[in-house]
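Open the model in your viewer and keep the sequence panel visible. The stops below go from one chain to its annotated spans and then to the contact between chains.

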Amino acid sequence: MADKQPATAREMAEVETIIGRILQVGVIVSAIIMTIGLVLFLVTGTSGYPGTTIPLRMGAILLGTLQFKPYAIMMLGTYCLILTPVLRVIVSIYAFYKERDHLYVWITTTVLIILLVALVIGVHK
Amino acid sequence: MVQTALIMLGVGIFAGIAGSILGIGGGMIITPILTLGMGLDIKYAIGASIIAVIATSSGSTIAYLRDNVLNLRVAMFLEIATTIGAISGALLTGVLDPKYLYLLFGALLVFSGWNMYRKLRRGQEVLQRVEPDKIATKLKLNGSYFDKAEMKDVDYQVENVPAGFAVMYGAGVASGLLGIGSGAFKVMAMDTFMKMPLKPSSSTSNLMMGVTAAASATVYFFNGSILPSIAVPMALGILVGAVIGSRIMQVLPARWIRIVFIPIILYIGLQMLFKGLGVHFL
């Protein structure tokens with residue numbers, strides 16, 4: 001906390017660059033998976049599942065992906081996209097830690113813990 | 001099937017551009033198009049709009065982080081308020097009558113719209129106080145960004161941190177309980193209450209929306225509200241739109257963004273007020 005003010009702007013630029021890169025990788029990976037699923041869905045003309053069934057369990061989604069079922073791949077891509085903001089928070093903790101900004105390591109860790117609590121509440125709701 | 005995918009791709013590009021420029025989730029663009037325009041079940045429309053929020057957030061944040069527009073510390077600090085708010089909102093479902101929340105939040109948005117109009121009339125976008133705010137200084141929240149419209153660095157100070165924190169908590173409750181308007185509230189908290197310039201407010205709101213939405217998206221994902229044939233082409237469109245929008249936003253004069261933002265925030269505010277009074281309109 002006692003660090004010098006002028007360093008703050010440069011430090012932030014570095015933190016933002018790290019987070020930005022990781023986020024970009026996350027977004028590109030999800031976009032690629034979703035695109036593969038969508039193209040497969042449009043070319044084969046089938047979701048890979050009977051009727052209006054959507055694979056909802058993680059096991060079913062992963063198994064379906066290995067079997068090249070379009071809906072499974074599309075769901076996997078969507079799930080990766082949902083995780084990108086969580087990824088961003090995790091990387092932020094590391095980035096602030098690397099820049100020795102302890103106050104913000106704590107603030108960001110708090111956000112992550114609350115977010116995880118929310119995820120657990122969400123799954124059991 | 002191909003036609004539906006193409007329509008959703010187009011809707012997504014549009015919603016992504018608009019959402020990333022204004023700092024709103026695009027749910028208010030996506031939901032009416034899906035339910036009224038395409039006759040989709042509201043359950044799937046809500047599922048799609050929560051994916052839309054995340055896609056807009058992650059897609060636009062890449063550019064906003066690289067170009068140093070958003071304020072990461074403000075985002076991190078306020079996310080404590082929005083995430084706690086989102087949990088409270090989820091837990092309060094069924095306990096609290098949403099009617100009063102609609103009235104309260106509706107009134108807040110209309111107030112904010114009026115306030116933005118006054119800011120617009122004044123013509124001056126950036127405020128620098130002689131006396132820096134103590135809490136903001138302690139939390140290192142004051143920032144600067146490079147405005148590509150004015151081609152200069154804009155330094156700004158953050159004020160009223162407790163008030164902003166409180167409104168952010170409300171934004172979290174609103175998105176957890178009502179599932180709407182969280183982007184508009186976030187921009188309002190930063191712009192109206194914390195006196196941040198519009199561009200950092202809008203881009204920081206974009207960043208924060210994703211985190212708030214990720215928590216509730218998990219619920220929708222596992223309860224079958226995500227229809228892949230709709231959500232996937234839309235999400236891909238939004239990612240493209242958000243990448244385009246986050247570039248357009250930086251070269252747009254803040255004044256123009258405000259001119260577009262005011263009727264939207266007034267519209268959402270009035271819509272919520274009417275909902276609270278039991279009258280429904282689009």
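**Stop 1: the fold of chain B**

Select chain B and colour it by secondary structure; read along the sequence, the pattern is α-α-α-α-α-α-β-β-α-α-α-α-α. That makes 11 helices and 2 strands in chain B. The radius of gyration of chain B is 18 Å, close to the 19 Å that the globule rule gives for 282 residues, so chain B is as compact as a globular protein of that length.

Now show the C-alpha atoms alone. Along the principal axes, those of chain B fill a box of roughly 55 × 40 × 30 Å. Of the 282 residues of chain B, 60% count as buried. Among contacts in chain B with a separation of 6 or more, 82% join residues 24 or more positions apart.

**Stop 2: confidence**

This is a predicted model, so colour chain B by pLDDT before going further. The mean for chain B is 86, with 95% of its residues at 70 or more. Where in chain B is confidence lowest, and where highest? Select helix 2 (residues 27-37) of chain B for the lowest, at a mean of 80. Then select helix 10 (residues 228-251) of chain B for the highest, at 94. For the complex, the predictor gives an ipTM of 0.89 and a pTM of 0.88.

**Stop 3: annotated spans**

Next, select the residues of chain B that an unreviewed UniProt entry lists under "transmembrane region": 6-30, 42-64, 70-93, 100-117, 163-185, 230-249 and 256-274. Two of these spans can be checked with the distance tool.

- Residues 42-64 of chain B: the span is 100% helix and 0% strand, and its end C-alpha atoms lie 32 Å apart.
- Residues 70-93 of chain B: the end C-alpha atoms lie 32 Å apart, and the span is 88% helix and 0% strand.

**Stop 4: where chain A touches chain B**

Bring chain A back into view. How many residues of each chain are in contact with the other? The contact involves 48 residues of chain A and 47 residues of chain B. On the chain A side, select helix 1 (7-44), helix 3 (70-98) and helix 4 (102-124), the elements of chain A that give two or more residues to the side touching chain B. Helix 1 of chain A contributes the largest share, 18 residues. Colour this side of chain A by residue type to finish: its residues divide into 33 nonpolar, 13 polar and 2 charged.

Note on methods. Residues numbered from 1 in each chain as written. Chains lettered and ligands numbered in written order. Predicted model: local features only at pLDDT ≥ 70, side-chain atom pairs only at ≥ 80, totals over all residues. pLDDT = per-residue confidence, 0-100. Helix = DSSP H or I, 4+ residues; strand = E, 2+ residues; numbered from the N terminus. Contact = placed C-beta atoms within 7 Å. Nonpolar A, V, L, I, M, F, W, Y, C, P; charged D, E, K, R; others polar. Rg over C-alpha atoms; globule rule 2.2 N^0.38 Å. Buried ≥ 20, exposed ≤ 12 C-beta atoms within 10 Å, placed from the backbone. UniProt positions renumbered as here; feature names shortened; annotations may be inferred.
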